[in-house]
Amino acid sequence: MNDLIVTKINNLLFYVIGMRRVLRFIKSSIIRLWRKLDSVKAWPDVDFFIDNAPKKIWGGVGGESYTGWIYAQGFFAALIKSYAPSSSLKIFDFGCGYGKLAPLSEFFCNPVGEYIGLDIRQDCIDFCKLQYAHLPKARFALSQDFNNTYTEKQPTPPSFQDLPRPKITYGDDWPVDDESVDVVVSISVFTHLQEAEAHGYLQKIHRILKPGGLAILTFHIVQHPQLGPRFTSTKKTAVSKLFDFHKALPPSNNWFTSVPESPEDAIAVNMEGFENLMRGKFSVESLIRG
């Protein structure tokens with residue numbers, strides 16, 4: 001009897017596992033079909049951007065379709081076109097990740113400009129060098145600066161556990177000269193920087209930009225009283241928790257985190273902190289919420 005029960009349970013487990021595999025296969029097949037139709041039917045006139053979409057984007061912020069990818073290209077292209085000259089630009093992408101803005105180099109960096117993507121992750125830079133090797137105006141560089149969230153963790157011998165974390169140099173190894181860059185783009189970088197780091201990197205960005213240069217930066221900005229994100233339900237989902245910036249950070253307490261045990265995972269700033277960050281360095285041409 002016991003053997004029979006075990007056999008039935010085992011058979012049931014194999015059945016459940018088998019069904020999960022079938023469902024995963026069906027889901028992945030539907031996603032591939034949807035993606036194919038999306039690229040052919042929804043975006044027939046943007047072959048260049050479709051052809052340059054790396055597989056690394058799937059499942060991330062852009063979701064499982066080309067729409068997020070195309071949206072990013074068009075949105076940032078429109079900003080650059082509106083606020084900067086339209087040709088031979090030198091564009092510096094601070095925190096380029098998998099290089100989603102590299103294709104724009106074909107439109108804004110010819111004939112004598114260039115796009116430089118920089119990141120602190122070796123895997124991102126290695127990927128970009130292969131993915132975009134055919135783009136003559138794009139190059140990529142690795143920075144040795146440290147971020148508690150994004151620096152690749154290395155095993156530390158027990159005897160070195162109490163060593164201070166690596167020094168942040170605020171861009172000392174960036175491959176650009178002062179007053180040499182037309183446009184700096186930094187997407188989802190300041191959302192992982194505490195106050196001192198934000199000021200240090202913004203000062204570096206100010207130095208490398210030409211007079212009148214353009215900086216396109218993204219921030220989480222909180223209001224007082226703090227409001228939750230409008231796109232989440234009342235349930236405590238992972239997204240709503242991420243945007244619950246309840247812990248103020250020193251020294252000014254104008255910076256906040258939703259993850260006190262690892263603050264750099266998600267950081268926001270209020271308007272007072274944001275204005276202090278910009279003061280004496282930048283005038284805000286446009287603050288686009290959303």
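1. Is C109 buried or exposed in this predicted model? C109 is buried, its relative accessible area being 0%. C124 likewise counts as buried, at 5% relative accessibility.

2. On the cysteines, a reader may wish to know how many disulfides are counted. The count comes to zero. For C124, the closest cysteine sulfur belongs to C128 and lies 6.5 Å away, which is too far for a bond, because a disulfide requires the two sulfur atoms to be within 2.5 Å.

3. The largest nonpolar core comprises 34 residues, and the ones making the most contacts inside it are I80, I91, Y115, F140 and V183. At least two residues of this core come from each of the helices α2 (47-51), α3 (67-83) and α5 (122-131), and also from each of the strands β3 (138-142), β4 (181-186) and β5 (209-217). The most is given by α3, which supplies six residues.

4. When neighbours within four places in sequence are left aside, I80 is in contact with L89, I91, L104, F108, V183, L214 and I216. Apart from this core lies another one, of 29 residues, which includes F94, F190, L193 and I208.

5. In soluble globular proteins, nonpolar side chains tend to be buried together. Attention should also go to the surface, where M19, V22, L23, F25, I26 and I30 make a nonpolar patch of about 570 Å². Within this patch, F25 is exposed, with a relative accessible area of 54%, and F25 lies in helix α1, which covers residues 2-42.

How values were computed
Residues are numbered from 1 along each chain as its sequence is written. This is a predicted model: local features need pLDDT of at least 70, side-chain atom pairs count only at pLDDT 80 or more; totals for chains, interfaces and linings use all residues. Side-chain values use heavy atoms; hydrogens and water are left out. Buried means under 20% relative accessible area, exposed over 50%, partly exposed in between (1.4 Å probe, protein chains only). A nonpolar core is a set of buried Ala, Val, Leu, Ile, Met, Phe, Trp, Tyr and Cys residues joined through side-chain atoms within 4.5 Å. Helices (H or I, at least four residues) and strands (E, at least two) are DSSP runs, numbered from the N terminus. Contact means heavy atoms within 4.5 Å. Patches are made of residues with over 30% relative accessible area and no salt bridge: like charges are joined within 9 Å, nonpolar side chains (Val, Leu, Ile, Met, Phe, Trp, Tyr) within 5 Å. Accessible areas come from the Shrake-Rupley method with a 1.4 Å probe; for residues, only the protein chains shown count as cover. A salt bridge is a side-chain nitrogen of Lys or Arg within 4 Å of a carboxyl oxygen of Asp or Glu.
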